[in-house]
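Colleague: I want to know what stands behind the words you use. Can we go through them one by one?

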Amino acid sequence: MSSSLRLQMRLAVRNLIRQRRRTLLSGAAMVVGMALLVFSRALAEGGHEDWIDAGVRLGSGHVSIQAPEYRRQRTLEHRLTNDDRLAVDAGLAEPGVAQRLVAEAPRLAVQGLASSASSALPVGVTGVDPTAEQGFSLLPERLEAGRYLEPDDRLHAYVGARLAERLDLEPGDRFVLTAQDASGEIVGQMARVVGTFRTGIPEADEALIQIPLRTAQEWLGVPGAVTSIDLLLESSRAVRPVLASLETALGEGSSTVVPLDWREAQPELDAAVRMDDWADYVFHTILFGIAALAIINTILMSVMQRTREFGVLRALGLRRAEVGRLVFTEGMLLTIVSGLTGMLLGLAVVWLFFRDGLDFSSLMREEMTAAGVVIDPVIVPRFHPTQIAQSLFFILSIGILASIYPAWRATRIDVAEAMKFAE
Amino acid sequence: MDEKPGWRIGWRNLGRNRRRTWITASGLALGYVAVVVMSGLAGGLVAEMVDNGTGILTGQLQVHSAEYLPDRNLYATVGGRDGVDVETLVRAVASVPEVAAATPRVFGAGLVSTGSATVAGVLMGVDVELEPAVSRILTTLRDGELPRAGHNEILIGSEMANQVAAGPGDTVVLVAPAGDGSLGNDLFVVSGVFETTLTDLDLAWAIAPIDALQTLLALPAGRIHEVAARVDDPWAASDAARAVNAALTEVLGDDLDAEARAWTEFRPEMVDYARLTESMQWVLLVIIFGMAIFGVANTLLMSSFERRKEFALLLALGARPSMIAGSVLAEAVSLAALSLLAGVALAVPILVWWHTAPPDVSWLYGGFTMSGGLMRPILRVEYPWSMLGLTGVSLFFTATVAAVLPAIRSARIPPADTLSGR
Amino acid sequence: MKLPLCSVTANRIAFRSGLLGSAGLALVFLTAPTLAPAARGQAVDRPPPDATPSEIVDYVDRLMRGESSTGEVLMEVLTENWGREMRMTVSSLGTEYALVRILEPKKDAGTATLKSGTEIWNYLPKVDRTIKIPASLMSASWMGSHFTNDDLVKESRLVEDYDITIEYDGSRDGVDVWEFVLIPRPEAPVVWGSIRYQVRKDDLMPVWARYHDEDGSLMRTLTFGDFRTFGDRLVPATMRMVPEDDPGEYTEVRYENLEFDVDLAPDDFSLRQLRARN
């Protein structure tokens, strides 16, 4: 049995080599198709992950740990106390979480009023840890004037550019924040603008202020407390395992601390991303279809050409099934070899030339929002093991599809008629 | 020998091996369909975004006093402090051909309260007769009925209704700073609850008849804040704005404090997205036809290889090489034509179907907002006119390019050697 | 990222129109009808001749404070868009309780605001309803006037927030005055860059206060006048605030009646009292 297989293989290989032109053509189609597919998938995955990344980095991270009622009613009443934070720290130390954690940002967020000598506006104030934010949020990167908050800052505020304009504030100017503290009293806090940011998102630029966490805690009379602990993970695919670990560590159905998936914490981003997923899926299916057809086409035709040859083989004694198997083997060999080559070519091209990203900025204006996230014109392709698995699956299925029909046709050859076939 | 037979031989050759022709043509045709349908879907996405972003509430064109935005200054009424003849104004706006309908609106910022629960919100006064022709907000009514003109009735958003625990038939207090500096307040009956699924609107908007709101805000009937208009072809809105400004000057004078703006001005991010989508289509085209080239090239190489003895014979008989090349090209072009026909035959019904009755794919994903417009989960398609032509051209181009190599090789066949079997 | 946009949007819109006059009202008259909030404790005794600038300013600042007070006020506001005159009664108890009721104009008569602890309530006679105002809906300008929350809500005293020095000691228009410069302490929650205060030497009555931003630009001027004795105190019965950017606009507050340390208890600041017609 195996010797017959080896014979088949040798025959298949020889045949392929013999018909260089046909082999190269069909092979080329497969190589290019695979390369394109790999490239396109990596790009799509990169774009997709970028979008999620930007969305969670401007929002509440891949996972947001909050008090259970906070999602419904975002007030100081539903905050995490120091004890809660200790429990969370323990949870974050779990290996299942720690190895996937990129950044962790504690935040204390309230609604309040910002007043300057000229005017006053309602704002959302977030007390943050500047070091944590540097590794987490996009806001520090969107600096327009001044500088971002630093660890030793106390009375400094990082303010949206449009807000600053409206209040007639520049870096260095003083203003006052007023809000209700934990007991309901209205309390004021002085701050100086240390820097301004511009994200391109009006809701952020007109209404967001970041101040140091400790300052916010003192101001609002809640030492050590936060309204959320936001986590940034290595990629969105890490969310599920991390959530599982956290839920176990924090106690299933905990009454004081609950970890939320970004899809729950930011439902609009979720919907937008799912739509993107779907559009990708459709596109790649079509690409797959086109590529498959091109390849099947070429292999089929090359087989058709060799009718006479098969007739001769039959006349020489090869059984129908064996002829069929031979054709099948040739087809599979060709697609697998060229498919793998194409895949490797695609991977190499992406890695060598586009590792740093593909710049689409000429196609876009400077700022654009979709689901509240400004789209980054540079897309960095990303690989993932599932892509490889899918590519292999693709290669195999094309191989099978492209080889089955010709193989079947080959078994159907009438010896006498075939001999008449002029090549 | 003249050229013509070369062409006939070419396209007739398609018939020689029907299966091969069929497979190759279907590859090209499917490529065509894919590109065209995907362009249509992308166009549909943009149209949906624009339609919902402007059609639910804002309208495609708005007229305001120069001072009104961005603060929504209560006192900056259209035409200044003295107001205007609202009917004349609205008619003037609607008189412009691109404008399908226009309606006046009044805005105030206030509190809606049931006593123990109070919510701050935007109070919008609308003309209940004219409003439905311009925006869809009134169609999002979920419970109860629409408010009636001349009555202190109000339509509130579903989230607001939750927060104040009020439903149709309940009485609420509306409190808002009025135009004379006093604190306007009055009782309104909740006539109904609306739900747009956009949290911003559902939580913070309350809609009352324009006269009732003007009374609350101590504004006389001639003082309004906005005229909103519907322009059916959203991309004609800029032109419409220009025309409206001209009409206003003509009808109401030069120094009227009123300015018309199209949605493209107050929602530039949607324009951006539309442009981005358009440019992505080129990428699509290149990818798909890049793949298709292989199929065609292979076919032609095969078939010309098959026919090398024929070509050799023709050459030996005195045919010019260009005729042979022409024949191969003809085959390619005919193949392209065939594919195009098939492609169009397949694509057009799909486009028409999805344009007139877009299938629902809400099982795949719920609605979401993009650039402020709610996207419904349907496969909406806008006819991609330019893409239909462009893709067709690409198809021919692909086929022709694929034919170049085979054509040249065929023309270069050494007649004697070939005929003798080498 | 969508912020809880709704509340931000609504707030800023509500805010923009100077809403929450009612809430502001209560906050204004947090204690006594001075435009500086209630201080703990009594008014200060008149300072001795060798008093420091801080002591002098502190005295002036707390001129109109007491454990409790009640009075009648006339407020006139003129803005670009409208002009209004209102007569109100005001009572306060410490910093916890305040009740303001509008007497005139007739159409607003009976409108009242109650501050009780951290809650603020509004009574609207026209619809005969009481509504609770969430204190998170704060406005900078109350009742569309030119006074801000800062003027009204603050618990602290000038001497706590500012370093006070004398800039001028001499005669102005034949009157001996001091002109003080108040520079905010580095962490004081105040928006001004500096405040200049002119006070008459003989009776320690404030004449004017000028508010500057940190660049030194004058933002608004508060003028005091009509010095009268209420009970046993001499106070400026009239105060007028004029914004620098819109000189045609102003807000003037005039006390017609004022009593300090009256017999008031928390019961007098109940919801029932809110709805009473007198």
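Modeller: Start just after helix H9 of chain A, where A:Gly251 has a positive phi of about 90 degrees. Keep in mind that this is a predicted model, where local features need pLDDT of at least 70, side-chain atom pairs count only at pLDDT 80 or more, and totals for chains, interfaces and linings use all residues. Residues are numbered from 1 along each chain as its sequence is written, while chains are lettered from A and ligands numbered from 1 in the order in which they are written.

Colleague: What makes a stretch such as H9(A) a helix, and how do you know that its span agrees with its number of residues?

Modeller: Helices (H or I, at least four residues) and strands (E, at least two) are DSSP runs, numbered from the N terminus. H9(A) covers residues 239-250, which is 12 residues. The expected span is 1.5 Å times one less than the number of residues. That gives 16 Å, and the end C-alpha atoms are 16 Å apart, so the two agree.

Colleague: Which residues of H9(A) are buried?

Modeller: They are A:Val239, A:Val242, A:Leu246 and A:Leu250.

Colleague: Why do you say that the buried residues line one face?

Modeller: Look down the axis of H9(A): the buried residues fall within an arc of 70 degrees, so they line one face. The arc is taken over the directions from the helix axis to the C-beta atoms. An α-helix has 3.6 residues a turn, so residues three or four places apart point the same way. A:Arg240 and A:Thr248 are exposed on the other side. The cover over the buried residues includes strand E1 (63-66), helix H3 (82-93) and strand E9 (228-233) of chain A.

Colleague: Why is A:Val123 called buried?

Modeller: Count other C-beta atoms, placed from the backbone, within 10 Å of a residue's own: 20 or more is buried, 12 or fewer is exposed, and in between is partly exposed. A:Val123 has 26 such neighbours, so it counts as buried. A:Val123 sits in strand E3 (residues 120-128) of chain A. Leaving aside neighbours within four places in sequence, its contacts (C-beta atoms, placed from the backbone, within 7 Å) include A:Leu113, A:Leu163 and A:Ile209.

Colleague: How far is A:Val123 from A:Arg308?

Modeller: 82 Å in space, C-alpha to C-alpha, and 185 residues in sequence. The domain assignment, automatic or from a database, gives chain A domain 1 (2-55 + 271-420) and domain 2 (61-265). The centres of these two domains of chain A are 48 Å apart, taken over C-alpha atoms.

Colleague: What is notable about the phi of B:Ala165?

Modeller: Its phi is positive, about 55 degrees, although B:Ala165 is not a glycine. Most residues other than glycine have a negative phi, and most peptide bonds are trans. B:Ala165 lies in the loop between helix H4 (158-164) and strand E6 (171-177) of chain B. With 10 C-beta neighbours inside 10 Å, B:Ala165 counts as exposed.

Colleague: Why is C:Asp261 called partly exposed?

Modeller: It has 13 other C-beta atoms within 10 Å, so it falls in between the two cut-offs. Phi of C:Asp261 is positive too, near 50 degrees. Chain C also has a cis peptide bond, from C:Glu104 to C:Pro105, with omega near 5 degrees.

Colleague: What makes a set of residues a nonpolar core?

Modeller: The members are buried Ala, Val, Leu, Ile, Met, Phe, Trp, Tyr and Cys residues, joined through C-beta atoms within 7 Å. The largest one has 199 residues, and B:Val244 is among those with the most contacts inside it. Strand E2 (residues 99-113) of chain B gives the largest share, seven residues. A second, separate core of 107 residues includes A:Leu16 and B:Leu388.

Colleague: How do you know where to be careful in chain C?

Modeller: Use pLDDT, the predictor's confidence in each residue, from 0 to 100. The mean for chain C is 77, and 75% of its residues reach 70 or more. Over residues 1-42 of chain C the pLDDT is below 50, though this stretch has 156 contacts in the model beyond near neighbours in sequence. Where pLDDT is low, the predicted coordinates should not be read in detail. The model as a whole scores ipTM 0.79 and pTM 0.77.

Notes. Contact = placed C-beta atoms within 7 Å.
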